[in-house]
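Subject: Structure handover

Hello,

Here is the structure you were expecting, with the sequence alongside. My notes on it follow below.

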Amino acid sequence: MIFKKIIHYIFTNKIWLISAMAISFLVPYNTGYGSLGNASLTFAMFAVARKSKAALCLLIVLFTTIILYMPAGHSYGRINIGHAASFLQTNMPEASEFIKLNIIGIVLCLLAIFFLFIYIADSWGSGSKKRQYLFLIAFILLNVNSYPKRFAIAAYMRLTEAKTEVEILKQGISIKDQFTIIKKNIQYKNILVIIGESVTREYMSVYGYPLDTTPWLKNANGDFYTNVISPAPNTFLSLPRTLAKFDENKKEAANNIVNLSNKAGLDTYWVSNQGRIGQFDTPATIIAYHAKHKFFLNGGDYESARNSDDFQMLPYIDNIIRSKENKVIFAHMIGSHPNPCDRLQSYPLNFNTGNKIIDCYLSSIQKLDLFIKRAAEMLEKNGKPYVIFYFSDHGLTIDNSSNPVRHGNSYRENYDIPFFIIDNKSKKHILINDQFSNSAFLSKFSEKVGIEYKLPLDGALNLDNMIYNGTSFIDYKSLPASKIIDGKM
């Protein structure tokens, strides 16, 4: 009865106009296409479509697709390959965390769907049959280069590219690496490479952040690099370009750090708290495949690992350190990803900036500091020469929005990552201001460890200041810096 009254009200009060205006602003401004021109174009499409059933059907198809992207678009802007990769890899636990973190975007999406329903109900059957073809042609002309059409094409292309990138990485499993070891003089018995997740350098007190997020690291001896940038703004794109000599032309990852370590005679271990859905579901698990020993916590299933604590990796690392072989251990943390408050587990919330999620993020960095301290203590106790490499895969956008801790690709902080090296010989806390892309990590690693290698000339790009933002290569220095949140007025 109530439903019939609503439909009757819609038809008698001609409220398609209100619905069209609402959608005209909601959709472009929450999918990365926000402008007055696109809002006006949207309204024109709706005004024309209601005069032709065929045009109305096309409009429904176009706008249903882009409206469903609104929860992500509200927070992350236009779709890129990173968003597509996240969609392909998403499972129920990650989806539930996405919903919690993007509730405003989801509400806006539901509002847009509601207004679309009202518009359809109030428009269906409008317009005489004689003029319907004319309005259909007008609708098609309006969509020659409209943003919903461009979004649909971009979504298809980005999904295809993400699938292709994973397939190419998988092919690298069967391709032999091209490393030639020229000389090796391994300096360390235990080599620990800690791969962090979503840590922005500006929020670590070791790099000058005013709140004490890294109490141990800021006094630790070692080489701390202050200007390292991630090659890309998300894990899917960043890790292959960090852990391998990733030729952008060939896009193969056989020449990776695990294969280099194997070839140099090191025993290789991969310990991950990231979890996995299948054997080759992410670039990280594809590179991990080459390790001689692999440990994915909680049986390797992401759903069972979603509440796993990074500290649970420490006993694994401790046991591996005790083995006699010269070894390299890759420890892949889950860090703050994707909801920092869920990642703290029993770790206390030690900050009060006025935004709980940001407080959780800062506490997760402090928890990382404690993780590295405990790992260093285990290595020190073992008494054998050791070195610790730490870097984060990428940074984040941190602000006071409704989703204050999130992935992004438009600011320097999305690429500003911590990178440092601590070994048993470190006697001073040294800050090194050299800027470079972490796509050079393989060279930094081999030089420090004592492995000299060569690869065939492959015409690789010089990426010192270049980043891949998910769509194209751009100069890092062309990006603006965002305001750092520290709770101070």
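A residue is called buried when its relative accessible area is under 20%, exposed when over 50%, and partly exposed in between. Please keep in mind that this is a predicted model.

Salt bridges

The count comes to seven salt bridges. One of them joins the side chains of R406 and D399, at 2.8 Å from N to O. R406 has a relative accessibility of 14%, so R406 counts as buried.

Another salt bridge is formed by the side chains of K263 and D177, with 2.9 Å between N and O. This pair links distant parts of the chain: K263 belongs to helix α12 (residues 257–263), while D177 sits in the loop between α10 (147–174) and β1 (180–184), and 86 residues separate them. The two partners are covered to differing degrees: K263 is partly exposed at 34%, whereas D177 is buried at 14%.

K367 and D309 also meet through their side chains in a salt bridge, at 3.0 Å from N to O. K367 is in helix α17 and D309 is in the loop between α14 (302–305) and α15 (313–321), so this pair ties together parts that lie 58 residues apart in sequence. K367 is buried, with a relative accessible area of 7%, and D309 is buried too, at 11%.

Cavities

There are two cavities of 30 Å³ or more. The largest has a volume of about 150 Å³. Its lining consists of 19 residues, and D310, M333, G335, S336 and S364 are the ones nearest its centre. Helix α17 (residues 356–382) supplies the largest share of that lining, five residues.

Helices, a strand and the surface

Helix α3 (residues 36–49) has 14 residues, which should span 20 Å at 1.5 Å a residue; the C-alpha atoms at its ends are 20 Å apart, so the two values agree. Buried residues in α3 are N38, A39, L41, T42, M45, F46, V48 and A49.

F224 is part of strand β3 (residues 222–229) and is buried, at 0% relative accessibility. Although F224 and N433 are 209 residues apart in sequence, their C-alpha atoms are 8.6 Å apart in space.

On the surface, I103, I104, V107 and L111 make a nonpolar patch of about 310 Å². V107 lies in helix α8 (residues 103–123) and is partly exposed, with a relative accessible area of 42%.

Regards

How values were computed:
Residues are numbered from 1 along each chain as its sequence is written. This is a predicted model: local features need pLDDT of at least 70, side-chain atom pairs count only at pLDDT 80 or more; totals for chains, interfaces and linings use all residues. Side-chain values use heavy atoms; hydrogens and water are left out. Patches are made of residues with over 30% relative accessible area and no salt bridge: like charges are joined within 9 Å, nonpolar side chains (Val, Leu, Ile, Met, Phe, Trp, Tyr) within 5 Å. Accessible areas come from the Shrake-Rupley method with a 1.4 Å probe; for residues, only the protein chains shown count as cover. A salt bridge is a side-chain nitrogen of Lys or Arg within 4 Å of a carboxyl oxygen of Asp or Glu. Helices (H or I, at least four residues) and strands (E, at least two) are DSSP runs, numbered from the N terminus. Buried means under 20% relative accessible area, exposed over 50%, partly exposed in between (1.4 Å probe, protein chains only). The expected span of a helix is 1.5 Å times one less than its number of residues. On a 1 Å grid over the protein atoms alone, a cavity is a set of points where a 1.4 Å probe fits but cannot get out, and a pocket is an open set with protein on both sides within 12 Å along at least five of seven lines; lining residues have an atom within 4 Å of a point. Grid points are joined across faces, edges and corners, and a volume is the space filled by probe spheres set on the points.
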